[in-house]
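The following exercises are to be worked with the sequence and the coordinates at hand. Each task is followed by a stepwise solution.

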Amino acid sequence: MKSHKYWSFGAMFTMIGTFYTGYKNQKTAHKYFAMSSLLCMIMAIYTGHKMISGKKKSKESIEATENKK
């Protein structure tokens, strides 16, 4: 959960940087901020999905072991 929070904050800050550099018409900085923002958003989605699906997998494995006994 900690890593999801940090990746989300990173995505937010890089999106702000992308908006600012686009507004100031700084094309090279805008490109780097946009790529960083994309990376942070992908990692935030991945860690969020891992956080949510990890709980379901553990419940399913517990139920499967209980049914075997």
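**Exercise 1. A residue of the first helix**

Task: classify Phe-9 as buried, partly exposed or exposed.

Solution. Step 1: Phe-9 has a relative accessible area of 42%. Step 2: buried means under 20% relative accessible area, exposed over 50%, and partly exposed in between (1.4 Å probe, protein chains only). Step 3: Phe-9 is therefore partly exposed.

The model is a predicted one, in which local features need pLDDT of at least 70 and side-chain atom pairs count only at pLDDT 80 or more, while totals for chains, interfaces and linings use all residues. Residues are numbered from 1 along each chain as its sequence is written, and side-chain values use heavy atoms, with hydrogens and water left out.

Task: state in which helix Phe-9 lies and to which surface patch it belongs.

Solution. Step 1: Phe-9 is part of helix α1, residues 2-23; helices (H or I, at least four residues) and strands (E, at least two) are DSSP runs, numbered from the N terminus. Step 2: together with Tyr-6, Met-12, Phe-13 and Ile-16, Phe-9 forms a nonpolar surface patch of about 550 Å² accessible area. Step 3: the members of a patch have over 30% relative accessible area and no salt bridge (a side-chain nitrogen of Lys or Arg within 4 Å of a carboxyl oxygen of Asp or Glu). Like charges are joined within 9 Å, and nonpolar side chains (Val, Leu, Ile, Met, Phe, Trp, Tyr) within 5 Å. Accessible areas come from the Shrake-Rupley method with a 1.4 Å probe; for residues, only the protein chains shown count as cover.

**Exercise 2. Aromatic rings**

Task: find how many aromatic pairs the whole structure holds, and explain why the pair of Phe-19 and Tyr-23 is assigned its geometry.

Solution. Step 1: the search of the whole structure returns one aromatic pair. Step 2: the ring centres of Phe-19 and Tyr-23 are 6.5 Å apart and the planes meet at 15°, so the pair is stacked. Step 3: the criterion is that rings of Phe, Tyr and Trp (its six-membered ring) pair if their centres lie within 6.5 Å, with planes under 30 degrees apart counted as stacked, over 60 as edge-to-face and the rest as tilted. Step 4: both residues belong to helix α1, four residues apart, about one turn of the helix. Phe-19 and Tyr-23 are both exposed.

**Exercise 3. Links between distant parts of the sequence**

Task: determine which residues Trp-7 touches, leaving out those up to four places away in sequence.

Solution. Step 1: Trp-7 is located in helix α1 and is partly exposed, at 27% relative accessibility. Step 2: Trp-7 touches Cys-40, Met-43, Ala-44 and Thr-47, where contact means heavy atoms within 4.5 Å. Step 3: the C-alpha atoms of Trp-7 and Met-41 are 7.1 Å apart, although 34 residues separate them in sequence. Step 4: His-49, in helix α2, has its C-alpha 9.4 Å from that of His-4, 45 residues away along the chain.

**Exercise 4. The loop**

Task: say what is notable in the phi angle of Asn-25.

Solution. Step 1: Asn-25 lies in the loop between α1 and α2 (27-68). Step 2: the phi of Asn-25 is near 60°, a positive value in a residue other than glycine. Step 3: most residues other than glycine have a negative phi. Step 4: Asn-25 is exposed, with a relative accessible area of 57%.
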